[in-house]
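Biologist: I am new to reading models like this one, and I would like a close look at a single part of it, explained slowly.

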Amino acid sequence: VPQLLLQVLVVGLLMGVVYALMALGITFIASIMKLINWSMGEFYMLGSYLQYQLLSRVFGPQLWFLAVLVSMLGVFVLGLLVQRSLLAPMFRYDQARRFEYATIITIALSVLLQNAAIIVAGPYQYAPKDYLPSVVVASLLLSLNGTRLASALGAALVLLVFWWFLRRTTVGLAFLGTAQNRLGAQTAGIRLQRVDMVAFGLGVALAAAAGALLAPVFLVYPTDGAVSTVKGFEIIVIGGLGSLPGAVVAAFALALVESFGSVYISPAYQDLYGFAFLMLFLLVRPQGLFGERERRV
Amino acid sequence: VRRLLAVGLPVALVLVALPFVLNGYGVQVATVALYYVVLGVSWNLIAGYTGQFSLAQHAFATIGAYASAVVALALHLPLPVAILAGMLAAALVGLALGWVTLGMQGVYFAIATWAFAESVRILLAVNYQITRGDMGLAVPFLFDSPDPTPAYAVFVVLALGAVGLNALLLRRKIGYRMRALRDDQELALAAGIDVVKTKRLVFVVSTAMAGLAGAVYGHAVGLLSPSQANFSQMAFIIIAVVLGGFRTLWGPVVGALVAQGLAEALRASAEARLVIFAALVLVIVRVYPPGIMGLVDRATALLDAWSTRRPGRARVAAASRPGPSP
């Protein structure tokens, strides 16, 4: 049935863009600061709550794209503050302890934010209005969920802007240079403290963008970021920790595998396949598909 | 020895006195606190002293609990045998997981153990024909009664035993090897330490401890559910250990007891308690990493100074103390 095949393919691609957003955020922070942000799902959650509040109080459902931008900005600023006050002191320690410090801090932060969300907003689910009505492409007999389409387009746009910023601006190249070699970047006159701070803010803003874009699809509740975080970790291990192209490619691969798997294979064990893949990659090819060794001086 | 007496004696006395002071509910709460004590000690052993930041300690406790339940329910063996089987199961799985993951670098090891723990939780929830999934699995009680006091006594022994084993390991060669490879793995390798073998050994001991605690806990509570393997459990272990003092012998004990005691004293909602604890951990890690045990060390140093009434010597004693990471 070609219609079904096409439908599954399109659903997979639409999810892939949003997965890429989340994974890119995790791997971007990892590439610059060499830490795993275990509270990524909570920044996703903050983005979705901000989006819901902005939609229902300030902008109204028509201006959802503006609300996404403002949500991203809000979480970006919060990310700057968190990095400055809690994570920047990790560089007092040596390599191994830095990682421990960051892990403890981000896990405690995730507990804090998640339970604070339950206290403030309650354990309820909120449902923002759909961004776009559903679209039917008559010539292909294809029906598309309008909100998924809108979130995929938004995510693609954010990805393109992010890509342009990293590749085509001097500031962006400073980030890439720092990711390749911190000492080298410092020697070239790049202020690492500032790069770290902005990188963390940008990374969590990408998670917030995913949360805000997907708010009407997966609803808004205190643990709504958990699923995306799990997918994000699987993606960055498959794509190679710290590799930006790897994250994007692996995001589409995972989304397509899931979308085909849930139609053609039983969905009960779906979550386990991802973990199995992750373990396999860690064992056989820990640098992932696109990972390269750090350039040392 | 002085440190051991300064902290261990009061802790042991309080633990023995508790069931005479508290009602049944209080003893139950104390039992749960001791469960976290054993998990905290076992995690501190591998993460604090050996530097392998495992995120699967709660999963090994769950494995021990379910393995013991299956042996008791399906094979009808007596509970002590079942509990030992649970501990053995956790140790064997720990051996296997350690075999494949302990060669990895820090970040990858943390992700791998996290993924393993999540897989355990999903497997338990999905195979509901055996585990009854989220409905929970009823298991036989220790000593055939839901009275919490005997189970509490067992846990006092377990907790003190765990601390004792930890102290013993630290005094042996392996204890020095653990800390050496944590502080500088390449130097440890150069000094002829079999780094991976040492890690594996400690990991198996640590997972066996967690499995034992989980198995006994299951029979003390009488009901198992896959939520025992939720990541929030691991987060609570980390919070308790850091609160008490990461990389200290008595830190996990003090941390878990204080956290559980505070939680009862506050009478706030579960969420509010967790917010407070998480905020406390952020402040401790950021400002004063030695935690409560650091404060205790300072207090004993001050007491020493006061009892000898020679302030000059006290200052020297305080400075020469091993500080936050012995």
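In which helix of chain B does Thr31(B) lie, and what surrounds this residue there?

Modeller: This is a predicted model, in which local features need pLDDT of at least 70 and side-chain atom pairs count only at pLDDT 80 or more, while totals for chains, interfaces and linings use all residues. Residues are numbered from 1 along each chain as its sequence is written, chains are lettered from A and ligands numbered from 1 in the order in which they are written, and side-chain values use heavy atoms, leaving out hydrogens and water.

Thr31(B) belongs to helix H2 of chain B, which covers residues 24–49; a helix here is a DSSP run of H or I with at least four residues, numbered from the N terminus. Thr31(B) counts as buried because its relative accessibility is 6%, and buried means under 20% relative accessible area, with a 1.4 Å probe and protein chains only. The side chain of Thr31(B) reaches the backbone oxygen of Val27(B) at 2.7 Å. If residues up to four places away in sequence are set aside, Thr31(B) touches Pro148(B), Tyr152(B) and Phe155(B), where contact means heavy atoms within 4.5 Å.

Turning to the wider setting of chain B, 43 of its residues are in contact with 37 residues of chain A. Between these chains there are two salt bridges, each a side-chain nitrogen of Lys or Arg within 4 Å of a carboxyl oxygen of Asp or Glu. Arg247(B) forms a salt bridge with Glu100(A), and their closest N and O atoms are 2.5 Å apart.

Definitions and conventions:
Helices (H or I, at least four residues) and strands (E, at least two) are DSSP runs, numbered from the N terminus. Buried means under 20% relative accessible area, exposed over 50%, partly exposed in between (1.4 Å probe, protein chains only). A polar contact is a pair of N or O atoms within 3.5 Å; within protein, one must be able to donate a hydrogen and the other to accept it, and residues adjacent in sequence count only if both atoms are side-chain atoms.
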